[in-house]
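Please find below a short note on the structure, set out as numbered points.

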Amino acid sequence: MKTGQIFLAAIAFLGLMATNLPAQSIFATLTGVVSDPSQAVIGQAAVKLRDEQSGSLRDTVTNSDGYFSFASVPVGAYTLTVEAKGFQLYKGTGISLGGGEKRNVNVTLRVGTTGETVEVTGVADSLVPVDSGEKSSTLTTKELQNFVEVGSNAAEFLKIMPGFGIQNGTSNKANYTGETIGINGNGDAGSQSPLNNAYSYNGLPGNSLDITADGAHVSDPGCNCDTPVNPNSDMIAEFQVKTSNFSAENQKGPAVVSSVAKSGGKDFHGSAFLYARNYALNANDALFNSTGQTRPQNKYYYPGATIGGPVLIPGTGFNKHREKLFFFTGYEYFYQVLDTGLLRATVPTPAMINGNFSPSEVAKLGNTTQSGGPPDRSTRLCSQAESFRLPESIPICRRC
């Protein structure tokens, strides 16, 4: 077997494998009914759906009831054309389909010759969901690139979704700001709160939030907390949050966050980016100012690039029309220098160490001042060079 044949066979095998992947929250379904001005259905009408980015084409015909359906449609913008003998050609552009959506568009053909065309733009406004009463919010590629974010993790956009709120920890800052990337990525390197526990939807516990990427669960199945996969805003085509009444294919919840990766098109497109944040440009924290501490020396540098387009084999006619096979890939490098700043800890008082747990001693726990005086020994903020210890070498706090 020649090298070119082996390569094509490998691509075909990978394509067959891809078709067996779970379809959860990735593909859309478009249905509709074709009729004439008198609302009589039109059978055997030719219906075509073309991807505006890749140019790939799918076609079908209406049945005796004038019904047509396109299943497993990838995320993207599409053009729908309907043609029948004795009627004008219908062409609808700007049909945007998202992951897991089931949309319906009914087409009314005007009487005329096939040489005439009725073109409708902005069809997305007339699409209505069918077979689902779900409540969801979706951010498309345009919104993901135009909205401002602190880091490069698209999960940061949960802050603007209806019903979501950021939880606070014991420090005077939010548990999640989007700066730090990692399995417990968040803006407070000291608390290391997982993404799931950083957000609350309508007051529910943070671990009730399910996160998926291309239909696969990316939350730790043991605690539903850690998120080893962080969706990059430059590498995904859609970011969606389902809050209620979604279909059974999303078996977890009660809120589901899903992302769908970008795909290549008929033309080559690429991008390069750099997210950079340095402590030198930050103002100091109010708590740090009050205790005479310097600002945390955090550094974040995230360079990366993406590229996508048609798969071409030089010297062959494979995919010469650029409408059969496409690719998309991206890479991002994480360089982080994390300073946890001040860590607060509550430890037993000297009397407690000796067995005295009277109410007066317990009341001292958590007190940061004594009648306006210096910090209490039971709770103290220590500088990086300081390690304050009680008798018997029990540490109170430190700065890492």
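The points below cover the basis of the model, a sheet, a loop residue and a surface patch.

1. This is a predicted model, in which local features need pLDDT of at least 70, side-chain atom pairs count only at pLDDT 80 or more, and totals for chains, interfaces and linings use all residues. Residues are numbered from 1 along each chain as its sequence is written, and side-chain values use heavy atoms, with hydrogens and water left out.

2. Five strands (DSSP runs of E, at least two residues, numbered from the N terminus) form an open sheet with the order 3-2-5-6-9 and mixed pairing; two strands pair if DSSP finds at least two bridges between them. Strand 3 (57-61) and strand 9 (117-120) are the edge strands, each pairing on one side only.

3. Within this sheet, strand 2 (residues 46-51) pairs with strand 5 (residues 76-83) in the antiparallel sense over six bridges. Ala46 has Glu83 in strand 5 as its bridge partner.

4. Ser54 lies in the loop between strand 2 and strand 3. Ser54 counts as buried (under 20% relative accessible area, 1.4 Å probe, protein chains only) because its relative accessibility is 4%.

5. On the surface, Tyr331, Tyr333, Tyr335 and Val337 form a nonpolar patch with about 410 Å² of accessible area together. Patches are made of residues with over 30% relative accessible area and no salt bridge, like charges being joined within 9 Å and nonpolar side chains (Val, Leu, Ile, Met, Phe, Trp, Tyr) within 5 Å; a salt bridge is a side-chain nitrogen of Lys or Arg within 4 Å of a carboxyl oxygen of Asp or Glu. Accessible areas come from the Shrake-Rupley method with a 1.4 Å probe, and for residues only the protein chains shown count as cover.

Definitions and conventions
Helices (H or I, at least four residues) and strands (E, at least two) are DSSP runs, numbered from the N terminus. Buried means under 20% relative accessible area, exposed over 50%, partly exposed in between (1.4 Å probe, protein chains only).
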